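User: Please take one part of this model and look at it closely. Short sentences would help me, as I am in my first year.

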Amino acid sequence: MADRSAQLIACHECDLLQRDIQLNPGCYASCPRCGAVLYRNATDSADRTLAYTLAAAMVFIGANVFPIFSIEVQGDRSAITLFEAVLSLWDQEMRSISLLVFLTAMLAPALELVSITYLLLPLKLGKVPPSYPLFMRILQFIEPWGMVEVLMLGVLVSLVKLTNNFRVIPGMALWSFAVLTLLLAAAAASFNARDIWAQLDARWKEQVPR
Amino acid sequence: MTADAPIAAARGLCSCHVCQLVSRRTRGTGKAHCPRCGARLHFRKPGSVQRCWALVIASYILYIPANVLVMMETGSLITYRKDTIVSGVVHLWKTGSWMIAVIVFIASVAIPLLKLFSLTLLLISVQRRSTWNPRQRTRLYRLVEAVGRWSMLDIYVVTLLAALVQLGTMATVKAGPAAVAFGAVVVLTMFATMEFDPRLIWDPLQKEEFHD
């Protein structure tokens with residue numbers, strides 16, 4: 001029975017029961033009733049996701065260490081990094097906003113990058129990361145809350161608003177965020193949870209013979 | 001697709017909300033857990049409609065202070081202004097930043113309203129067990145899910161400006177109380193979208209009712 005139900009898919013949007021089929025690379029399967037995307041077969045899914053994630057992790061550090069931009073008024077210069085912005089809002093008694101920005105723009109993307117690396121790097125080396133179901137759950141839970149691409153747009157909007165009144169000097173983090181947005185989008189596009197579950201389970205069964 | 005399409009819940013099969021594994025579960029029995037990942041199994045998200053309504057109503061209420069109160073205070077040597085979300089957009093438009101005005105309008109005004117009205121429509125149609133155009137309604141849900149996060153735009157803009165422009169008497173930007181209310185609207189509507197179970201849109205096509 002376990003084998004039989006393993007081939008079954010219930011659409012997560014309309015609960016239509018279907019059997020999965022082998023997909024060609026780059027294709028996706030959609031539900032015939034509601035049109036939801038059921039699963040994709042991204043080319044080299046695990047490898048590419050890992051590569052993009054490791055690259056994104058490095059850029060992420062740069063995006064948080066360097067200032068986003070600075071403004072200059074009559075010799076007075078003021079620059080901020082993202083974390084300084086969060087701290088500044090905290091000091092201005094806007095704690096909930098400060099916390100929200102910290103969670104969505106820093107903690108969630110960081111957790112996402114760490115979880116993917118924790119899952120995929122051992123898998124690539126032929127090992128099973130301990131308690132991988134927990135990390136898959138974290139990943140699924142955190143995914144909607146990482147908003148780097150929205151932050152990127154926010155940075156651009158602020159930039160335009162600032163140029164009306166100040167001389168604005170773009171910082172390293174501005175470029176880092178632009179690259180990070182692209183890398184995260186690429187990682188998300190090649191990530192295939194279904195495939196990774198299958199790979200992790202297969203390895204797990206090899207390691208623990210019943 | 002007709003009414004006798006194979007529905008997982010009707011056959012006692014349940015797909016895990018974490019790992020999507022389909023497993024058998026006898027209806028009416030107590031707690032069941034996914035054999036693969038250990039998550040609780042539910043045929044449908046429990047209390048989906050009630051929880052979603054609660055979050056949507058809370059968002060409607062907070063939407064009022066978010067729009068009435070001050071979002072951002074901008075002060076310099078010559079000017080001082082207090083902007084709500086809408087007056088901020090109007091100011092951007094008048095000062096010639098049309099592109100930015102349109103972007104901010106979409107993110108801060110259009111998307112939150114679209115989310116609230118869409119979720120209300122979906123909730124009412126589900127409660128009335130409507131069979132009207134389920135495919136289109138599922139699409140609407142997917143749209144709400146996809147665009148919801150972009151409302152955070154204004155929160156980021158206010159944060160960056162308020163943190164950066166602190167030049168004493170020369171120029172200061174302060175975040176106003178509307179930012180807190182608006183942030184809450186964004187978070188609550190995101191939770192509401194997550195609580196809503198799109199499978200409920202399709203259930204009225206069946207004779208049986210599924211819970212939990």
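Analyst: Here is a close look at one helix, with its setting.

This is a predicted model, so local features need pLDDT of at least 70, side-chain atom pairs count only at pLDDT 80 or more, and totals for chains, interfaces and linings use all residues. Residues are numbered from 1 along each chain as its sequence is written, and chains are lettered from A and ligands numbered from 1 in the order in which they are written.

The part is helix H2 of chain B, residues 85-94. Helices here are DSSP runs (H or I, at least four residues), as are strands (E, at least two), numbered from the N terminus. Chain B has seven helices and five strands. Along the sequence they follow the pattern β-β-α-β-β-α-α-α-α-β-α-α.

Which residues of H2 are buried? They are B:Ile85, B:Gly88, B:Val89 and B:Leu92. Buried means that 20 or more other C-beta atoms, placed from the backbone, lie within 10 Å of the residue's own. These four cover an arc of only 100 degrees around the axis, so they sit on the same side of H2(B). The arc is that of the directions from the helix axis to the C-beta atoms.

What covers them? The cover includes helices H1 (48-68), H3 (98-127), H5 (153-164) and H6 (177-195) of chain B. Strands S3 (72-76) and S4 (80-83) belong to it too.

Just after H2(B) comes B:Gly96, with a positive phi of about 95 degrees.

Now the wider setting. Of the 212 residues of chain B, 45% count as buried. The C-alpha trace of chain B spans about 70 × 35 × 25 Å along its principal axes.

Conventions
A residue is buried if 20 or more other C-beta atoms lie within 10 Å of its own, exposed if 12 or fewer, and partly exposed in between; C-beta atoms are placed from the backbone. Two residues are in contact if their C-beta atoms, placed from the backbone, lie within 7 Å.
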